[in-house]
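Me: I would like a close look at one part of this protein, the open sheet. Please take me through its strands and what lies against them, and say how far the model can be trusted.

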Amino acid sequence: MSILDKTYSGTTIKQLNIKELNILCDEIRDQIFTTVEKNGGHLSPNLGSVELIVALHYVFDIPSDKLIFDVGHQSYAHKILTGRLNEFSSIRKKGGLSGFPDPAESQADAFIAGHAGTSISAGLGFCRSRDFLKDDYYVVNLVGDASFFNGENLEALTSSVDKPNKYLVVLNDNGMSINKNNNGLYKFISKVTIRRGYYRFNAFLSRVFGKSFIGNFLRRIKRAIKRSLSVNTIMDNLGFKYVGRFDGHNLKSLIRILQDIKYSGQPTLLHVNTIKGKGYVQTEKDSSRFHGVSENMSLSKHYFSSAVSEILNRKIEKYPEIIAITAGMKDGVGLTNFATQHPNSFVDVGICEEFAVTLSAGMAKSGSKPIVFMYSTFMQRGYDQLIHDVCLQNLPVVFCIDRAGFVGSDGKTHQGLFDLSYLSHIPNLTVLSPKDVFELENMIEYALNISTPVAIRYPNGKFNPVYEQSKDCDYTKFEVIKSGVSDVLLAVGPRMIDLAMQVQNSTDKDLEIVNARVVKPLDCEYLDLVKDRNIITLEENSRIGGFGSLVVSYYVDKGEKPNVTVLGAKDEFISHASVSEQLEQNGLTVENILKHLK
């Protein structure tokens, strides 16, 4: 029987010795690799955090002690160790495990974690409530993949110098560095000052010397040494005991350090180094490539994002003022080649979406042509900056919003189903949705030539457009793809246009298929022409506040009583499944649309 099987047949992880724990880590790593190879998912970050998670489970009492992830795509080993081994093969599949921590899935998942930068705020919230209610448990934040420097984490770190006891922040450093102090003395001081003997010796000094000259002298020496090690000083001023850096794959050392930290009870920041993709030659060698993979270990290739660099490489010849900005997603949004070709025209701000938006506002105000590339789910985090810093000043910033609409197996934390709702009510902002790459390039050209902010949103996935490329590039107007005398299907984006064409192929009615490529401002002239016909709007966005709502509001404001059916995402968070399954769950199917035809 394997060690992993033993942990599910009555043997707890705390009963294993170091040799058995190391075997357990290898077995967990193999389980992760095998499952992700089949299902797709986040591979490198999970391979790199196995020993760290095993050590945390060995030392702490989870779920009584709270383990809060930041970011959640390093939680696979945790899921395996908390009673979900038999379900692990279902991860990211409809009805199966989520790819991120989710309290609805297990009480061992203390807090949902799909976005970066949330854990320290949540951890401090747990601590404050715990102390207020006089409960007794440890709170542990596991922070990885550069999210330590997200704005919300920094706000939480600096909010108060008084940090609660029984609180541990683990910085899982797999490439991002907190500072350069890594010499032997620095490491030695960190080790010594957290050992149990250190506290006993301090107590001995206080008993023997009290506040005498010798006692004060020894304390001054200690403080002087710590001041010379800048990271200790910084963390002391933030209310943490800094401990690090240590090998995040050395289980014996990790367990001893964590036990000493737990014994001390002090608010502590533990800094460990791990290898992203640990355990396999190919993933260690190219951890970025294997950060997230599709089924059968294929690399995700998306129709729109794969064209971004080529488009920008052409545009920058005409507009040398272009600066492309992203927030830690260079590969995902398709900017890798552009960044290589034009490094001075590319900025990656890290996982700091709010900063990216206001940075672009400053650039636009001073004469550059900033284009911000960001996933729809992460663009939500820059909402206030979008309103206050960009649109209020009516600045010509272009926002290219990737992963708009249903995102499949990434699930409810990553769905891009709200951007039309949170963008379309902002004054001065034009909102566009291309049906293909040709339109995307022309929309960027259009946006670069007007003096107001523009948001261009497009989905992920592979598309093979079967309709003709647009000859009319007036992006204040809808495009009629197929004229007809019967019902009107107003479709936003390529999936919805494809769906509308499938409906036409399934009925004898002479439908009119429209590419509703400009969501705001609406093409009012066209809407006036079809006000007496049956209209069905199709969008990958929440039905509330989206494109269909804008169409209905337009007619109502004019005193019209149109026959408009709004089809889109339900008023709920959509769980992980394939995109086709998510479309079906939300009534975006040929069969459902046929029911609404007059």
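Reply: What follows describes the sheet, then the cysteines, then the confidence scores. The model is predicted.

The open sheet has seven strands, in the order β9-β8-β10-β11-β13-β12-β17, and its pairing is mixed. The edges are taken by β9 (346-348) and β17 (518-520); each has a single partner strand, so one side of each is left without a neighbour in the sheet. From one strand to its neighbour in this sheet, the turn is 20 degrees on average, with direction ignored.

Within that order, β8 and β10 are a parallel pair: residues 322-326 of β8 and residues 369-375 of β10 are joined over five bridges. One point in this region to find in the viewer is I323, which stands opposite P370 in β10. Helix α16, made of residues 353-365, lies across β8, β9, β10 and β11 (398-402). The helix runs at about 165 degrees to β10.

On the cysteines, a search of the whole structure finds zero disulfides. C127 has a relative accessible area of 1% and is buried. C524, at 30% relative accessibility, counts as partly exposed.

As for trust, the pLDDT averages 87 over the chain, and 87% of the residues score at least 70. Residues 176-190 are a stretch to read with that in mind: the pLDDT there is below 50, although the model gives this stretch 39 contacts beyond near neighbours in sequence.

Methods. Residues numbered from 1 in each chain as written. Predicted model: local features only at pLDDT ≥ 70, side-chain atom pairs only at ≥ 80, totals over all residues. Heavy atoms only, no water. Pairing = 2+ DSSP bridges. Helix = DSSP H or I, 4+ residues; strand = E, 2+ residues; numbered from the N terminus. Axes fitted to C-alpha atoms, helices over the stretch in contact; angles between N-to-C directions. Contact = heavy atoms within 4.5 Å. Disulfide = S-S within 2.5 Å. Buried < 20%, exposed > 50% of the residue type's maximum accessible area, 1.4 Å probe, protein only. pLDDT = per-residue confidence, 0-100.
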